[in-house]
Amino acid sequence: MRRLLIKKKPVFFLFLLITTSSLTILIFSLLRLPESPPIIFTGKLRADLSDELGFFGNMMIEMLPEDLVFTAFVPSENAFNRDLGMTKPNNTRKSKPLEDDDGGNTYAVVSRILGFAVVPYRVETGDVGKDETASYESLSGFTLKIWRKSRNGGGLVVNGVETEKMGLKRGKIMVHIMDGVIMDSDFAQSVASSTTPQDEDEPEP
């Protein structure tokens with residue numbers, strides 16, 4: 001009788017081992033269930049950023065791939081209007097403004113501004129020291145001199161143009177909204193000549 005129990009004991013231990021292993025695997029598999037992906041309200045965030053950027057700023061940022069690192073110094077809607085004489089069209093559908101001649105010209109101007117005002121680096125306030133000036137080359141090769149304001153929160157100043165809002169993001173793109181348009185002197189002169197009122201050229205009767 002004792003021999004029979006000894007022979008059965010290894011079988012019992014084997015059964016116990018298999019049962020324990022199965023339970024352990026089951027418990028670990030339950031604990032390691034895949035987590036639900038985080039809910040990202042990309043549509044809402046994109047719309048909110050579009051409201052911050054305005055019509056022309058949004059057009060400018062949409063020319064850049066979101067999966068690459070850029071910093072864009074985007075003129076505010078008011079700066080586009082004040083410095084370039086550009087006004088938001090009544091029909092703001094994406095395809096419409098680019099179909100006519102005026103829309104094509106608008107696209108050309110915005111893309112030119114993008115070349116001056118976008119650098120292929122991440123530039124934040126902390127990247128520029130308090131008493132130093134950092135130099136970055138824009139996509140068009142135009143040099144941007146950036147320093148920090150000593151007042152009003154210490155925002156960035158780019159080629160003499162101050163920031164209005166900082167640290168907006170779309171994908172990997174860092175966006176700073178500027179109270180002015182960053183451009184070289186040649187483009188500034190062409191803009192000034194094209195926005196000169198026609199009345200000045202007409203002779204008086």
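Trainee: Why does Glu-52 count as partly exposed?
Mentor: In this predicted model, Glu-52 has 35% relative accessibility. Buried requires a value under 20% and exposed a value over 50%, with partly exposed in between. The 35% of Glu-52 falls in that interval, so the residue counts as partly exposed.

Trainee: What makes the contact of Lys-165 and Glu-52 a salt bridge?
Mentor: The side chains of these two residues meet at 2.6 Å, N to O. The rule asks for a Lys or Arg side-chain nitrogen within 4 Å of an Asp or Glu carboxyl oxygen. The 2.6 Å of this pair satisfies that limit, and the contact is therefore called a salt bridge.

Trainee: Which parts of the chain does this pair link?
Mentor: Lys-165 belongs to strand β6, whereas Glu-52 belongs to helix α2, residues 42-61. The two residues are 113 residues apart, and the parts they link are distant.

Trainee: Is Lys-165 buried, exposed or partly exposed, and how do you know?
Mentor: Its relative accessible area is 40%. Because partly exposed covers the range between 20% and 50%, Lys-165 is partly exposed.

Trainee: What makes Glu-162 and Lys-149 a salt bridge?
Mentor: Their side chains meet at 3.5 Å, N to O. That value is within 4 Å, so the pair meets the rule. Glu-162 lies in strand β6 and Lys-149 in the loop between β4 (143-148) and β5, so the pair ties together parts 13 residues apart in sequence.

Trainee: Are Glu-162 and Lys-149 buried or partly exposed, and how do you know?
Mentor: Glu-162 has 30% relative accessibility and therefore counts as partly exposed. Lys-149 has 14%, which is under 20%, so Lys-149 counts as buried.

Trainee: How do you know that Asp-83 forms a salt bridge with Arg-82?
Mentor: The closest N and O atoms of the two residues are 2.9 Å apart. This distance is within 4 Å, and the pair therefore qualifies. Asp-83, at 27% relative accessibility, is partly exposed, and Arg-82, at 43%, is partly exposed as well.

Trainee: Which residues are linked with Arg-82 and Asp-83 in a network of salt bridges?
Mentor: Asp-179 is linked with them in that network. By the rule applied here, the count comes to 5 salt bridges.

Trainee: What is the phi of Asn-159, and where does this residue lie?
Mentor: Phi of Asn-159 is near 50°, a positive value in a residue other than glycine. Asn-159 lies in the loop between β5 (156-158) and β6 (161-170). With a relative accessible area of 31%, Asn-159 is partly exposed.

Definitions and conventions. Residues are numbered from 1 along each chain as its sequence is written. This is a predicted model: local features need pLDDT of at least 70, side-chain atom pairs count only at pLDDT 80 or more; totals for chains, interfaces and linings use all residues. Side-chain values use heavy atoms; hydrogens and water are left out. Helices (H or I, at least four residues) and strands (E, at least two) are DSSP runs, numbered from the N terminus. Buried means under 20% relative accessible area, exposed over 50%, partly exposed in between (1.4 Å probe, protein chains only).
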